[in-house]
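Here are a few worked exercises to try with a structure viewer open. Take each task on its own first, then compare your steps with the solution.

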Amino acid sequence: CKADNVGEEEEEEDLDALLKSMDLDRGVRTCGVRGCKADNVGLLGTVCTHCRLQYCMSHALPEAHGCGEEAKAGAREKWEKEARKAKEADRARAAGRPMLPGSQKQRAEVLRQELHKKIADKEGGRARKTKDDDKDKDKRR
């Protein structure tokens, strides 16, 4: 029946229009790896964060499509950053200061307050000079 075929064609066109409106059909229909025959990349593929190309699920890992070194360097950088933060937190705990989750401004303010407190403690422990001490000094001269 021709009427049924016309209805199916209209539904397919509607589906294509819907996919384009949702930006799911970006024109990329194959995997970024040469020779890969996967055709489900448009809906099920992933975009590599290093090279920004789209790959099928079997080539989605950076090591599987050639971005292994970039992924390794990125992971190392992330690990070093986390290790530095952990080391700073350990130093802060060892010094008796609370862990500082915030910004550098907060840290600077806490350190400034600690410095003023230490200065005040040291000044309070000093012996004050009296007038008698000045007279004794003059006599010695």
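**Exercise 1: A charged pair**

In this predicted model, the side chains of glutamate 109 and arginine 112 meet in a salt bridge, with 2.7 Å from N to O. Work out where the two partners sit and how exposed each of them is.

*Solution.* Start with the general idea: side chains of opposite charge can pair when their charged atoms come close. The cut-off for a salt bridge is 4 Å between the side-chain nitrogen and the carboxyl oxygen, and the distance here is 2.7 Å. Next, locate the residues: both glutamate 109 and arginine 112 belong to helix α5, residues 104-125. They are three residues apart, which is about one turn of the helix. Now check exposure. Partly exposed covers the range between 20% and 50%, so glutamate 109, at 34% relative accessibility, is partly exposed. Arginine 112 is also partly exposed, at 42%. Finally, the count by this rule comes to one salt bridge.

**Exercise 2: The core and its surroundings**

Find which residues make up the largest nonpolar core, and then list what tyrosine 55 and histidine 59 touch beyond their sequence neighbours.

*Solution.* The largest nonpolar core has eight residues: Cys31, Cys36, Ala38, Val41, Cys48, Tyr55, Cys56 and Cys67. Turn to tyrosine 55 and set aside neighbours within four places in sequence: its contacts are Cys31, Gly32, Val33, Val41, Gly45, Thr46, Cys48, Ala60 and His65. Then move to histidine 59, in the loop between β2 (54-55) and α3 (62-65). Its relative accessible area is 17%; the limit for buried is under 20%, so histidine 59 counts as buried. Not counting residues up to four places away, histidine 59 touches Cys31, Val33, Cys36, Ala64 and His65.

**Exercise 3: An unusual backbone angle**

Is arginine 52 buried or exposed, and what is notable about its phi?

*Solution.* Place the residue: arginine 52 lies in the loop between β1 (46-47) and β2. With a relative accessible area of 61%, arginine 52 is exposed. For the angle, recall that most residues other than glycine have a negative phi. Arginine 52 is not a glycine, yet its phi is positive, at about 65°.

**Exercise 4: A nonpolar surface patch**

Identify the residues of the nonpolar patch on the surface and give their accessible area together.

*Solution.* The patch is formed by Leu43, Leu44 and Met57, with about 340 Å² of accessible area together. Take leucine 43 as the example: its place is in helix α2, residues 41-44. Leucine 43 has a relative accessible area of 59% and is therefore exposed.

Note on methods:
Residues are numbered from 1 along each chain as its sequence is written. This is a predicted model: local features need pLDDT of at least 70, side-chain atom pairs count only at pLDDT 80 or more; totals for chains, interfaces and linings use all residues. Side-chain values use heavy atoms; hydrogens and water are left out. A nonpolar core is a set of buried Ala, Val, Leu, Ile, Met, Phe, Trp, Tyr and Cys residues joined through side-chain atoms within 4.5 Å. Buried means under 20% relative accessible area, exposed over 50%, partly exposed in between (1.4 Å probe, protein chains only). Contact means heavy atoms within 4.5 Å. Helices (H or I, at least four residues) and strands (E, at least two) are DSSP runs, numbered from the N terminus. Patches are made of residues with over 30% relative accessible area and no salt bridge: like charges are joined within 9 Å, nonpolar side chains (Val, Leu, Ile, Met, Phe, Trp, Tyr) within 5 Å. Accessible areas come from the Shrake-Rupley method with a 1.4 Å probe; for residues, only the protein chains shown count as cover.
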